[in-house]
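Colleague: Before I plan any bench work around this protein, I would like to go through the model with you. Could you take my questions one at a time and show how each answer is reached?

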Amino acid sequence: QVQLVESGGGLVQPGGSLRLSCAASRISFFNLYDMGWYRQAPGKERELVASITAGYSTDYEDSVTGRFTISRDNAKNMVYLQMNSLKPADTAVYYCRSTNSRLGRDYWGQGTQVTVSS
């Protein structure tokens, strides 16, 4: 069974930085999957924050553009989210997602808490 495990969340002050990691295990052809980071704040819908395709194309939600950077390392089956200039509005549980429509696959991680507060 494919497993996605997020790490790197925690408590950080406004203006600070965090780097989230997502480790994929028990997965074949990781390089063919599109990867995304989602977040869900209390009382709000889950939203796509950043994505990176199998072809290394990236996309970002407007509020994080210029502050967040998504990247992947296919040799390590890893995807990362570098978060800079964090704001209290970034507080949420962040989830990693891996999808491949041709293979009919869609996987989610368990989430990691990010709290931005003084």
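Colleague: What share of the accessible surface of the protein belongs to carbon and sulfur atoms?

Modeller: Please keep in mind that this is a predicted model. The accessible surface of the protein comes to about 6300 Å². Of that area, the share belonging to carbon and sulfur atoms is 46%.

Colleague: Which pattern of secondary structure does the protein follow along the sequence?

Modeller: The count comes to zero helices and 11 strands. Read from one end of the sequence to the other, the pattern is therefore written with strands alone, as β-β-β-β-β-β-β-β-β-β-β.

Colleague: Why is the protein described as being as compact as a globular protein of its length?

Modeller: The C-alpha atoms fill a box of roughly 45 × 25 × 25 Å along the principal axes, and 42% of the 118 residues count as buried. The comparison itself rests on the globule rule, which gives 13 Å for 118 residues, and the protein comes close to that value, so it is as compact as a globular protein of that length, with a radius of gyration of 14 Å.

Colleague: Which strand gives the most to the largest nonpolar core?

Modeller: The largest nonpolar core has 29 residues, and those touching the most other members are Met35, Trp37, Phe68, Val79, Leu81, Met83 and Tyr94. At least two residues of this core come from each of strand 3 (18–25), strand 4 (34–40), strand 5 (47–52), strand 7 (68–73), strand 8 (78–83), strand 9 (92–100) and strand 11 (112–116). With four residues, the one that gives the most is strand 3.

Colleague: Which residues does Leu81 touch, not counting residues up to four places away in sequence?

Modeller: Leu81 is one of the core residues that touch the most other members. In soluble globular proteins, nonpolar side chains tend to be buried together. With residues up to four places away in sequence left out, Leu81 touches Leu18, Arg19, Leu20, Trp37, Ala50, Phe68, Thr69, Ile70 and Tyr94.

Colleague: Is Tyr60 buried, partly exposed or exposed?

Modeller: Tyr60 lies in strand 6, residues 58–60, and its contacts, leaving aside residues up to four places away in sequence, are with Val49, Ala50, Thr65, Phe68, Thr69 and Ile70. Buried would require under 20% relative accessibility. At 21%, Tyr60 therefore counts as partly exposed.

Colleague: How far apart are the C-alpha atoms of Phe29 and Val12?

Modeller: Phe29 has its place in the loop between strand 3 and strand 4, and at 56% relative accessibility this residue counts as exposed. Phe29 and Val12 are 17 residues apart along the chain, and their C-alpha atoms are separated by 35 Å.

Colleague: What value does phi take in Ser85?

Modeller: Ser85 is found in the loop between strand 8 and strand 9 and, at 40% relative accessibility, counts as partly exposed. A positive phi also occurs at Asn77, about 55° although Asn77 is not a glycine, and Asn77 is found in the loop between strand 7 and strand 8. For Ser85, a residue other than glycine, phi is positive and near 50°.

Colleague: How far apart do the centres of the positive and negative side chains lie?

Modeller: The protein has 12 positive and 10 negative side chains. Taking the centre of each of these two sets, the distance by which they lie apart is 6 Å.

Key
Residues numbered from 1 in each chain as written. Predicted model: local features only at pLDDT ≥ 70, side-chain atom pairs only at ≥ 80, totals over all residues. Heavy atoms only, no water. Rg over C-alpha atoms; globule rule 2.2 N^0.38 Å. Buried < 20%, exposed > 50% of the residue type's maximum accessible area, 1.4 Å probe, protein only. Areas by Shrake-Rupley, 256 points an atom, 1.4 Å probe, with all protein chains shown as cover. Lys, Arg positive; Asp, Glu negative; His and termini not counted. Charge placed at Lys NZ, Arg CZ, Asp CG, Glu CD. Core = buried A, V, L, I, M, F, W, Y, C linked by side-chain atoms within 4.5 Å. Contact = heavy atoms within 4.5 Å.
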